[in-house]
Amino acid sequence: MAPLPRTRVKEPLRAFSKIAVDFAGPFFTIQGRGKARQKRYLCLFTCLLSRAVHLELAFGLDTDAFLNAFYRMVNCRGLPQEVVSDNGGNFVGAEKELRELAKNLDEDKIQRSVGNKGIRWHFKPPLAPYFGGVHEIMIKAAKRAIFAILGSADLNDEELMTAFTGAEALINSRPLTYQSANPSDDVPLTPNHFLHGQIGGQFAPESVDDTFLAPMDERMVTQSQFEKEVA
């Protein structure tokens, strides 16, 4: 196995400073009675170091639709330093538009800004999907989670967006380190630890094994008392 690229081994100060992006879909959504279904797409951003994901709903495969999804991610996760993507037409067009946008900005204002230092965009070679394994595997996991949530249900854009956020929370709660079967061991590291400082969000409990944390002798006494009461 070849060494990891330099973007995978650097130490950024925050998550999503070096990302990979890819598209998946289409997903068909209903627009109302008597209206034709519309195609929607999944735009996936994954952090190259924390392995966290951010899922956005794209309303098309053109450059404008991707840029809208990209800016929504930036507004939520911050401006990335480096981006790795396919050699698709929408990504190429997005890079050209971003370059034109950078040329029109005030250079002095950019230099005074701390966060905006420009984006380095890396395209993998054409017809080489094995170069994008870092985001292809996350696309596979996201599609499995989304289809497990949706099934064969008919849904609109709002419901599809909600399903994307649910799949995102599920993927970001997966363990990155060894997960022991003993509940008294340390909690495994997850992408959510880099994002929120805990396994899950507000609705995820810290532990669900409180009833099994008692010592073995106490549980045996409880079991024997229960047998006596039953008898």
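**Helix α2 and its last residue, R77**

With 15 residues in α2 and 1.5 Å allowed for each, a span of 21 Å is expected, and the 20 Å between its end C-alpha atoms agrees with that. This comes from a predicted model, so the values here are computed ones.

Helix α2 covers residues 63–77, and R77 belongs to it. Its buried residues are T63, A65, F66, L67, A69, F70, M73, V74 and R77. An arginine turns up on that list, then, alongside residues such as F66, L67 and F70. R77 counts as buried because its relative accessibility is 17%, and the cut-off for that label is under 20%.

What does R77 touch, once neighbours within four places in sequence are set aside? The contacts are with R14, A15 and F16, with V53 and H54, and with E168 and L195. Just past the end of α2 comes G78, and here phi is positive, at about 100 degrees.

Now for the chain as a whole. It holds 8 helices and 5 strands, and going along the sequence they come in the pattern α-β-β-β-α-β-α-α-β-α-α-α-α. There are 231 residues, and 34% of them are buried; R77 is one of the buried residues. For contacts between residues at least 6 apart in sequence, 63% link residues at least 24 apart. About 14800 Å² of the chain is exposed, with 55% of that area coming from carbon and sulfur atoms.

Technical notes
Residues numbered from 1 in each chain as written. Predicted model: local features only at pLDDT ≥ 70, side-chain atom pairs only at ≥ 80, totals over all residues. Heavy atoms only, no water. Helix = DSSP H or I, 4+ residues; strand = E, 2+ residues; numbered from the N terminus. Buried < 20%, exposed > 50% of the residue type's maximum accessible area, 1.4 Å probe, protein only. Contact = heavy atoms within 4.5 Å. Expected span 1.5 Å × (residues − 1). Areas by Shrake-Rupley, 256 points an atom, 1.4 Å probe, with all protein chains shown as cover.
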